[in-house]
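Q: Please take one part of this chain and look at it closely, in a way that would be useful at the bench. Begin with that part, and then follow the chain outward to whatever else deserves comment.

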Amino acid sequence: NPETRDEDILLELSEISTPDDLINDQTPQYQAYQWIIHHDPLKLQVINPFLKQRYAMAVIFFAFNGAESWIVPDPWIELPDKDDDFALKLNEDAEVSPECTWTGVNCDQDNTVTDLYLSEFGLQG
């Protein structure tokens, strides 16, 4: 049931973000939550051990205005059309791989993010 999945993910992410941030459409937490539940091609379930990590990476992306300002050949999440509300998609590499394949992200052998190298991204936010 999609509604149950959304609610379960909201509860799970409430352990690392405030519920108010998750439902306030002006926050990067909201944008990341919406992307996770509606547009992430991996469609992670709440029991997936990488759900919180993937969400946290999406929060970083949205908090630093990644879709509009990052200077990288492969932004983590692309907005194909500004007029299309949350028409989000991952870059081609990430569609079949975890966030560990994203530019500037290093992970250990267990696919846990260990380092971010974002100095060349032209961050704003």
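A: Trp 102 sits in the loop between helix 6 (92–95) and strand 3, and the account that follows rests on a predicted model. Although Trp 102 belongs to a loop, it is buried, because its relative accessible area is 1% and the cut-off for burial is under 20%. Along the chain Trp 102 and Ile 77 are 25 residues apart, while their C-alpha atoms are separated by 9.5 Å.

The disulfide is the next feature to consider, and the structure holds 1 of them. Cys 100 is joined to Cys 107, with a distance of 2.0 Å from S to S. A disulfide is a covalent bond between the sulfur atoms of two cysteines. The link of Cys 100 and Cys 107 is left-handed, with -95° about the S-S bond. The two cysteines fall into separate accessibility classes, because Cys 100, with a relative accessible area of 16%, is buried, whereas Cys 107, at 24%, counts as partly exposed, the boundary being 20%.

Cys 107 also leads into a pair of strands, since strand 3 covers residues 105–107 and is joined by 3 bridges to strand 4 (residues 113–116), the two running antiparallel. Within strand 4, Val 113 is the bridge partner of Cys 107, so Cys 107 takes part both in the disulfide with Cys 100 and in the pairing of these strands, where DSSP must find at least two bridges. The hairpin of strand 3 and strand 4 has 5 residues between the strands, and Asn 111 is found in that loop. Phi of Asn 111 is near 65°, a positive value in a residue other than glycine. This deserves a note because most residues other than glycine have a negative phi. At 33% relative accessibility, Asn 111 counts as partly exposed.

A positive phi also appears elsewhere in the chain. Lys 43, which is not a glycine, has a positive phi of about 45°, and it lies in the loop between helix 3 (28–39) and helix 4. Lys 43 counts as partly exposed, with a relative accessibility of 39%. Leaving aside residues up to four places away in sequence, Lys 43 touches Arg 5, Ile 37 and His 38. Arg 5 and Lys 43 are 38 residues apart in sequence, with 10.0 Å between their C-alpha atoms.

From Arg 5 one can turn to Asp 6, which lies in helix 1 (residues 2–13). With residues up to four places away in sequence again left out, Asp 6 touches Tyr 33, Ile 37 and His 38, and Ile 37 and His 38 are among the contacts of Lys 43 as well. Asp 6 is buried yet has no salt bridge, and the nearest side chain of opposite charge is that of Arg 5, at 4.1 Å. That pair does not count as a salt bridge because the criterion asks for a side-chain nitrogen within 4 Å of a carboxyl oxygen.

Beyond the loop of Lys 43 comes helix 4, which spans residues 51–63 and has 13 residues. From first C-alpha to last, helix 4 reaches 18 Å, close to the 18 Å expected at 1.5 Å a residue. Its buried residues include Leu 51, Tyr 55, Met 57, Val 59, Phe 61 and Phe 62, and Gln 53 and Arg 54 are on the list too. Ala 56, by contrast, which has its place in helix 4, counts as partly exposed at 33% relative accessibility. Ala 56 and Ser 17 are 39 residues apart in sequence, but their C-alpha atoms are 9.4 Å apart in space. Just after helix 4, Asn 65 takes a positive phi of about 55°.

The chain as a whole puts these parts in context. It has 6 helices and 4 strands, and along the sequence these follow the pattern α-α-α-α-α-β-β-α-β-β. Of the 125 residues in the chain, 38% are buried. Among contacts with a separation of 6 or more, 53% are between residues 24 or more positions apart.

Notes:
Residues are numbered from 1 along each chain as its sequence is written. This is a predicted model: local features need pLDDT of at least 70, side-chain atom pairs count only at pLDDT 80 or more; totals for chains, interfaces and linings use all residues. Side-chain values use heavy atoms; hydrogens and water are left out. Buried means under 20% relative accessible area, exposed over 50%, partly exposed in between (1.4 Å probe, protein chains only). Lys and Arg count as positive and Asp and Glu as negative; His and the chain ends are not counted. Contact means heavy atoms within 4.5 Å. A disulfide is a pair of cysteine sulfur atoms within 2.5 Å. The expected span of a helix is 1.5 Å times one less than its number of residues.
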